[in-house]
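Thank you all for coming; I would like to take a few minutes to walk through a structure that may be new to most of you. Please have a look at the sequence and the model first, and then we will go through the parts in turn.

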Amino acid sequence: MEITSQTVKEILAKSIETTDVQPDDIPNLDLYMDQVITVFEEKLSGNKRREEDKLLTKTMINNYSKAGILQPIKGKKYSKEHILQMLFIYNLKQTLSIADIQRLTQGVEEELRQQGLSEKETLPKLYERFLASKKEQRVQLIQAFDATVEKNAVENRCDLYEIVLSLCSMSNLLRIAAERIIDVYFEDDQGKKNKDK
């Protein structure tokens, strides 16, 4: 493929055309593990880098349960709330460690208990707000991508290298910001908040 600013802009624009599981895609009835995995594969397969990549596996689900970031199931079926939790985990694990996701999840669960709210009434609203934010972020990212490409004359692989470095730097800065919020506002394993960060 020829290297031009326009082709790079097209690649970047296509990269944020990811799919999401919409609230209406989540069944109101409880599902077996294989059915949950099928929902992820059917609705999110467009997000895979390679066809053979796995979005969700039985091992992942079991590990999330063991880590305490997925609530225990009743019987062998997963509720709509479990699926929403898995969708949050799917989005968070691209950037955060399981330990950070665990701190975040436990902090939110504690907050809900203190407010007397249930996950059944809260998680769907939280997920809808997340999807709305993601839609806005796509617009902002296109603008940032365009500015990154416009700043560089894109003619060869060295120019592409510089763009990739810039994109990775942006990603790292956002990850660090997320980690610092977790460190300040969410308890670690010792039950202490890291307010010195």
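**Salt bridges, cores and a pocket**

Let me begin with a network of salt bridges that links D20, K134 and R138. Before going further I should say that this is a predicted model, and everything I describe should be heard with that in mind. Staying for a moment with R138, which lies in helix α6, we find that R138 touches I16, T18 and D20 when residues up to four places away in sequence are not counted. To give a sense of distance, R138 and V184 are 46 residues apart in sequence, and their C-alpha atoms are 27 Å apart in space.

Let me now step back to the chain as a whole. The protein chain has 7 helices and 2 strands, and, read from the N terminus on, its elements follow the order α-β-α-α-β-α-α-α-α. Taken along the principal axes, the box filled by the C-alpha atoms is roughly 55 × 45 × 30 Å. The chain has 197 residues, of which 31% count as buried. If we consider contacts in the chain with a separation of 6 or more, 67% of them are between residues 24 or more positions apart.

With that overview, I return to the charged pairs. Side chains of opposite charge can pair when their charged atoms come close. How many salt bridges does a search of the whole structure find? The search gives 9, and I will describe three pairs.

The first pair I will take is K9 with E150, a salt bridge in which the closest N and O atoms are 2.2 Å apart. Because K9 lies in helix α1, residues 5-15, and E150 in helix α6, this pair ties together parts that are 141 residues apart in sequence. E150 itself counts as exposed, at 54% relative accessibility.

Next comes D34 with K58, where the closest N and O atoms of the salt bridge are 3.3 Å apart. Here D34 lies in helix α2 and K58 in helix α3, so the pair ties together parts that are 24 residues apart in sequence. D34 is partly exposed, with a relative accessible area of 45%, and K58 also counts as partly exposed, at 43% relative accessibility.

Then there is D183, which forms a salt bridge with R103, the closest N and O atoms being 3.2 Å apart. Since D183 lies in helix α7, residues 157-185, and R103 in helix α5, residues 98-115, the pair ties together parts that are 80 residues apart in sequence. Are the two partners of this pair buried or exposed? D183 counts as buried, at 10% relative accessibility, and R103 is buried as well, with a relative accessible area of 10%.

Let me move from the charged residues to the nonpolar ones. The largest nonpolar core has 32 residues, and those that touch the most other members are V36, F40, L56, I61, M86 and L87. At least two residues of this core are supplied by each of α2 (33-44), α3 (58-67), α4 and α6. Which of these helices gives the largest share? That is α4, with 7 residues.

Two members of this core deserve a closer description. M86 lies in helix α4 and is buried, with a relative accessible area of 1%. Leaving aside neighbours within four places in sequence, M86 is in contact with V36, F40, L56, I61, L70 and Y78. The C-alpha atom of M86 is separated by 8.8 Å from that of I69, a residue 17 positions away along the chain. On the same basis for neighbours, L56 is in contact with V36, I37, F40, E41, I61, Y64 and M86. Apart from this core lies another, of 7 residues, including V8, F145, V149 and V154.

Finally, I turn to the second largest pocket, which has a volume of about 210 Å³. Its lining includes D30, Q71, P72, K77, H82 and E119. The elements that give two or more residues to the lining are α4 (80-92) and α6 (119-151), and α4 contributes the largest share, 3 residues. By class, the lining has 2 nonpolar, 4 polar and 6 charged residues.

How values were computed
Residues are numbered from 1 along each chain as its sequence is written. This is a predicted model: local features need pLDDT of at least 70, side-chain atom pairs count only at pLDDT 80 or more; totals for chains, interfaces and linings use all residues. Side-chain values use heavy atoms; hydrogens and water are left out. On a 1 Å grid over the protein atoms alone, a cavity is a set of points where a 1.4 Å probe fits but cannot get out, and a pocket is an open set with protein on both sides within 12 Å along at least five of seven lines; lining residues have an atom within 4 Å of a point. Grid points are joined across faces, edges and corners, and a volume is the space filled by probe spheres set on the points. Helices (H or I, at least four residues) and strands (E, at least two) are DSSP runs, numbered from the N terminus. Ala, Val, Leu, Ile, Met, Phe, Trp, Tyr, Cys and Pro count as nonpolar, Asp, Glu, Lys and Arg as charged, and the others, Gly among them, as polar. A nonpolar core is a set of buried Ala, Val, Leu, Ile, Met, Phe, Trp, Tyr and Cys residues joined through side-chain atoms within 4.5 Å. Buried means under 20% relative accessible area, exposed over 50%, partly exposed in between (1.4 Å probe, protein chains only). Contact means heavy atoms within 4.5 Å. A salt bridge is a side-chain nitrogen of Lys or Arg within 4 Å of a carboxyl oxygen of Asp or Glu.
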